[in-house]
Amino acid sequence: MRYNKFFSAAIVLCMIAFFTMGWKSSPTTLSFTKAPITIFINGGNAAPFTTSGAFVTEGTRFMPVRHSGKSNAGAIHCTNIFETSDGTGTFTILSNCQFTTSTGTWRVVSGTGAYANLRGNGQLVMANGTETMTGVVF
């Protein structure tokens, strides 16, 4: 009889430990279906950004600029690194911009955290110190 009480108490303690343990989960990765997005950037390097459409977030965009050379003097190629302010991850967009038309193209090349699987592309317009990227992500 004493053995049964000990065995029952051990089972109860194991169950309590099992149900009160915190489970460590891997970082959440968002799943994207092909959907329109708009990314609005207010300024140059280290500028605030917001997104609307396929997902909504905000943060800071960092942009190292690489000029394309003498043959395309009015064009630049930029790496745009978007850091979300909520810490869910980053995504990187390469853009090609023409200063003569204040337009260009962009494409997502990588991401971390929730944006690890993000891909997409579209058009951009530069006006009055801002950039508006429109397109699709998937």
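## Asn80, an aromatic cluster and the first hairpin

Set aside the neighbours within four places in sequence, and Asn80 is in contact with Arg61, Phe62, Met63, Phe91, Thr92, Ile93, Leu94, Ser95 and Met133. This is a predicted model, so keep that in mind throughout. Asn80 sits in strand β5 and has a relative accessibility of 0%, which is under the 20% cut-off, so the residue counts as buried. What does its side chain pair up with? The side chains of Asn80 and Ser95 are joined by a polar contact of 3.1 Å.

Phe91, one of the residues in contact with Asn80, also takes us over to the aromatic side of things. Ring pairs tie Phe49, Phe55, Phe82, Phe91 and Tyr115 together as a cluster. How many aromatic pairs are there? The count comes to 6. Two of the pairs involving Phe49 are set out here.

| Pair | Centre distance | Plane angle | Geometry |
|---|---|---|---|
| Phe49 and Phe82 | 4.9 Å | 85 degrees | edge-to-face |
| Phe49 and Phe91 | 6.1 Å | 85 degrees | edge-to-face |

Why is the Phe49 and Phe82 pair called edge-to-face? Its planes stand at 85 degrees, and over 60 counts as edge-to-face. That pair links distant parts of the chain: Phe49 belongs to strand β2 (residues 47-53) and Phe82 to strand β5 (residues 75-84), 33 residues apart. The other pair does a similar job, since Phe49 is in β2 and Phe91 is in strand β6 (residues 90-98), so parts 42 residues apart in sequence get tied together.

Are these rings buried or exposed? Phe49 has a relative accessible area of 2% and is buried. Phe82, at 0% relative accessibility, counts as buried too. Phe91 is likewise buried.

Strand β2, home of Phe49, also pairs with β1, in the antiparallel sense and over 5 bridges. Within that pairing, Thr38 has Ser52 in β2 as its bridge partner. The two strands make a hairpin with 4 residues between them, and Gly43 in the turn has a positive phi of about 125 degrees.

What about the faces of β1 (residues 35-42)? Ala35, Ile37, Ile39 and Ile41 make up the covered face, while Pro36, Thr38, Phe40 and Asn42 make up the uncovered one. β1 has another partner in strand β9 (residues 130-137), again antiparallel, with 8 bridges. There, Asn42 of the uncovered face has Thr130 in β9 as its bridge partner.

Terms used:
Residues are numbered from 1 along each chain as its sequence is written. This is a predicted model: local features need pLDDT of at least 70, side-chain atom pairs count only at pLDDT 80 or more; totals for chains, interfaces and linings use all residues. Side-chain values use heavy atoms; hydrogens and water are left out. Rings of Phe, Tyr and Trp (its six-membered ring) pair if their centres lie within 6.5 Å; planes under 30 degrees apart count as stacked, over 60 as edge-to-face and the rest as tilted. Buried means under 20% relative accessible area, exposed over 50%, partly exposed in between (1.4 Å probe, protein chains only). Two strands pair if DSSP finds at least two bridges between them. A polar contact is a pair of N or O atoms within 3.5 Å; within protein, one must be able to donate a hydrogen and the other to accept it, and residues adjacent in sequence count only if both atoms are side-chain atoms. Contact means heavy atoms within 4.5 Å.
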